[in-house]
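Q: Please take a close look at a single part of this structure, namely its salt bridges. A connected account of the partners and their surroundings would be welcome.

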Amino acid sequence: MNSTAAQVRMIRQADLIPPEDTGAAIARPACVLLMSGGVESSTLLYGLADTDQIHPIFLDYGQRAAVQEWRAVKRIAATRNITPRRFDLSVFGNTVGALRTERYHVPLPHRNFVAIAAVASIASNLKVREIIIGLTADDAMVDPCSRLPFQRAIRDALASLSLRLDTPYDGLTKTEVVKRGCRLGVPWETSYSCLLGRAEHCGYCPQCQKRRAAFTAAGASQQDVRYNR
């Protein structure tokens with residue numbers, strides 16, 4: 001797997017149920033939704049699922065929780081009879097991550113930048129113009145790629161390619177997204193947020209802590225997943 005050709009093949013490969021196994025042709029989507037299986041993307045899926053033109057995309061970029069995240073994406077999409085697609089960027093992610101002296105749970109700095117660029121290529125090949133991602137106001141506090149200057153620049157860049165980036169939750173906190181998900185009937189037990197990639201949420205990584213705090217603040221802790229501690 002060290003050759004350039006082998007890496008390109010892996011990056012372009014999509015893990016998709018073959019058309020002959022679905023029983024029907026997949027309708028051409030009007031939008032692509034970047035999914036991680038977490039609170040925001042699961043809520044977006046449920047908010048958009050009334051249309052048959054949503055296309056969920058999952059990117060495996062070598063993140064430690066990739067297996068559990070993909071499992072969550074498939075589970076949440078199945079509840080709405082939607083077929084997601086998985087694209088494997090793990091060779092790239094792991095190679096970039098190896099440049100660091102320590103291993104991180106998320107190997108890609110500026111991962112939203114990389115993810116948006118990847119999904120833009122996917123959307124263009126699918127003849128889809130709208131890209132939707134679940135950025136929140138909380139993300140903007142810690143992630144430069146979620147802040148207004150970057151978002152303005154990336155929107156302008158995508159517009160030059162006849163693509164549009166939509167971030168419908170960028171004015172909401174995670175707590176507010178949880179409340180919206182509860183109203184939509186999101187089955188939270190199918191979602192996944194832990195950075196460690198364990199079968200059960202660890203309860204102490206930053207993502208678990210933010211998730212649990214949001215559910216508590218939303219008054220929906222009884223609907224949250226079970227934590228290891």
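A: The following account takes up the salt bridges one pair at a time. The model is a predicted one, and it holds six salt bridges.

In one of them, E40 pairs with K174, with the closest N and O atoms 2.6 Å apart. Because E40 belongs to helix α3 and K174 to helix α9 (residues 174-184), this pair ties together parts that are 134 residues apart in sequence. Both E40 and K174 are buried. Helix α3, which spans residues 39-48, also contains S41. S41 is buried as well, at a relative accessible area of 5%, and a polar atom of the S41 side chain lies 3.3 Å from the backbone nitrogen of G37.

A further salt bridge joins R164 to E130, where the closest N and O atoms are 2.6 Å apart. Here the link runs between strand β6 (residues 164-166), which holds R164, and strand β5 (residues 130-132), which holds E130, 34 residues apart. R164 is partly exposed, with a relative accessible area of 47%, whereas E130 is buried at 18%. R164 is also among the residues touched by I131.

E200 and R226 form another salt bridge through their side chains, at 3.0 Å from N to O. E200 sits in the loop between α9 and α10 (206-217) and R226 in the segment after α10, 26 residues apart. E200 counts as partly exposed at 29% relative accessibility, while R226, at 63%, counts as exposed.

Finally, salt bridges link D60, R86 and D88 in a network.

Note on methods
Residues are numbered from 1 along each chain as its sequence is written. This is a predicted model: local features need pLDDT of at least 70, side-chain atom pairs count only at pLDDT 80 or more; totals for chains, interfaces and linings use all residues. Side-chain values use heavy atoms; hydrogens and water are left out. Helices (H or I, at least four residues) and strands (E, at least two) are DSSP runs, numbered from the N terminus. Buried means under 20% relative accessible area, exposed over 50%, partly exposed in between (1.4 Å probe, protein chains only). A polar contact is a pair of N or O atoms within 3.5 Å; within protein, one must be able to donate a hydrogen and the other to accept it, and residues adjacent in sequence count only if both atoms are side-chain atoms. Contact means heavy atoms within 4.5 Å. A salt bridge is a side-chain nitrogen of Lys or Arg within 4 Å of a carboxyl oxygen of Asp or Glu. Lists of a residue's contacts leave out its neighbours within four places in sequence.
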